[in-house]
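The following report describes how two helices pack against each other and how a nonpolar core is built.

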Amino acid sequence: MATQSALLRGSGSTNFQIMWPKMQPVVVKLLKQQPITRSEWQDLFWDVHTVCSWDEKAPSKIQKALENEILEFTKDVQQRVLQHKEESALLLAYIAEWKKYFEQCTYLPMPFQSIEVENSAGKTQKKRQEGNKVQVLMLQTWNRSIFAGVRNQLLSAAMNFLLRERSGEAFDPRLVV
């Protein structure tokens, strides 16, 4: 019976290695908020499900690959944000990038629900409290790679704008999240 199971399962690493190069460009497009076709979107769901169904180590492989893609993307975002030296420009850039990224925290995790392995009702409840693994990964990566690096600058800029607003100066409402 174990031999039959091994034959049905095939080579676990081959499935991921074959399918990830097809999934990766769609993940990058989603991160960059570039348009994808309905077929690409549906194929991403199917490909993740297929890989996870045939490779028991696929969820961790997919999560690691996603972590790498998200980290690369956030490095690019960090460069775009940090190129702004003036306080209001920095705040505007950060807010614009954060809004786009936060929106993607809703969409990108959807096709990767197959990597969420639930063994019991208790774990399902815990998952709901903690959030989706991919969404948590995205938010943690943003916090480590972008927010941590500009936190003091953003706080200083926000405090300066708050003090100016309190003293009666006009401020740009786009600088408030």
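Contact here means heavy atoms within 4.5 Å, and helices are DSSP runs (H or I, at least four residues) numbered from the N terminus. The model is predicted, with local features needing pLDDT of at least 70 and side-chain atom pairs counting only at pLDDT 80 or more, while totals for chains, interfaces and linings use all residues. Residues are numbered from 1 along each chain as its sequence is written, and side-chain values use heavy atoms, with hydrogens and water left out.

The axes of helix 4 (residues 58-82) and helix 7 (residues 133-166), which are lines fitted to C-alpha atoms over the stretch in contact, come within 10 Å and cross at roughly 25°. Helix 4 is therefore roughly parallel to helix 7, a term for angles under 35 degrees on a scale from 0 to 180 degrees between N-to-C directions. Among the residues of helix 4 that meet helix 7 are Leu66, Ile70 and Thr74, and the helix 7 side includes Met138, Thr141 and Trp142.

Thr74 of helix 4 counts as buried (under 20% relative accessible area, 1.4 Å probe, protein chains only), because its relative accessibility is 0%.

The largest nonpolar core, a set of buried Ala, Val, Leu, Ile, Met, Phe, Trp, Tyr and Cys residues joined through side-chain atoms within 4.5 Å, has 37 residues, and Val48 and Ile62 are among those touching the most other members. Helix 7 gives the largest share of this core, 9 residues.

Contacts of two residues, leaving aside neighbours up to four places away in sequence, are listed below.

| Residue | In contact with |
|---|---|
| Val48 | Met23, Ile62, Pro111, Phe112, Ser114, Ile115 |
| Thr74 | Tyr101, Thr141, Trp142, Ser145, Ile146 |

Key. Helices (H or I, at least four residues) and strands (E, at least two) are DSSP runs, numbered from the N terminus. Angles under 35 degrees count as roughly parallel, over 145 as roughly antiparallel, 65 to 115 as roughly perpendicular and the rest as oblique. Buried means under 20% relative accessible area, exposed over 50%, partly exposed in between (1.4 Å probe, protein chains only).
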